[in-house]
Amino acid sequence: MSTSPHLPPGPVTAAPTSARSGGTVTDRLVEANRAYAAGFDDPGMDARPVLHVAVVACMDARLDLHDALGLELGDCHTIRNAGGVVTDDVIRSLTISQRALGTRSVILIHHTSCGLESLTEDFRHELEDEVGQRPSWAVEAFRDVDQDVRQSMQRVRTSPFLPHTDDVRGFVFQVANGLLREIDPVK
């Protein structure tokens, strides 16, 4: 049973039943995929993004990146995680994106009202207390979203694995109005 203020109370359970299909949320999504696949025509696209850009963003459900950026299927690689922070795994994905699949530009998108602003590394300690094992990953929590975007830009620009670091730009998506605010990398 969870005692952490950051974790939901009680044991982790299955997703709630979906009222639309009578099954789980996953059942509903699989059903939606069947409908999608019934009308699907293979566009014959290559795995290389048409715009040669990779977008790193937060996994927050309020961010519809394709609509917000005017992107179509096949335009970009999208890499998402909690906070949109540049971790070793993001560098791994960007390295494959650039070296094997031809991307040249990187756009980083954090957002206002991010859940990582309310967490600390104590989250890892609480998790360790609960499950008996410390996670091998850092929470990557932050207090200043602008500064965290700067740090993420710096991580990309200084990675020895990335050959294309001259077009790296960072933004904060404002969840209240949908606008991107560009962050100056030096402040």
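**Packing around Val106 and the nonpolar cores**

In the predicted model, Val106 is in contact with Ala54, Val56, Leu94, Gln98, Val156, Asp167, Val168 and Arg169, when residues up to four places away in sequence are left aside. Val106 also belongs to the largest nonpolar core, which holds 26 residues. Within this core, Val106 is one of the residues that touch the most other members, together with Val56, Leu94, Leu108 and Val156. Two or more residues of the core are supplied by each of the strands β1 (53–58), β3 (105–111) and β4 (168–173) and by each of the helices α3 (88–101), α4 (122–131) and α5 (145–157). Helix α5 provides the largest share, with four residues. A second core, separate from this one, consists of nine residues, among them Val55, Ala57, Leu63 and Phe173. In soluble globular proteins, nonpolar side chains tend to be buried together.

The cores are set within a fold of five helices and five strands. Read from the N terminus, the order of these elements is α-β-α-β-α-β-α-α-β-β. Among contacts with a separation of 6 or more, 62% join residues that lie 24 or more positions apart.

For the protein as a whole, 36% of the 187 residues count as buried. The accessible surface amounts to about 11500 Å², and carbon and sulfur atoms account for 53% of this area.

Technical notes: Residues numbered from 1 in each chain as written. Predicted model: local features only at pLDDT ≥ 70, side-chain atom pairs only at ≥ 80, totals over all residues. Heavy atoms only, no water. Buried < 20%, exposed > 50% of the residue type's maximum accessible area, 1.4 Å probe, protein only. Contact = heavy atoms within 4.5 Å. Areas by Shrake-Rupley, 256 points an atom, 1.4 Å probe, with all protein chains shown as cover. Core = buried A, V, L, I, M, F, W, Y, C linked by side-chain atoms within 4.5 Å.
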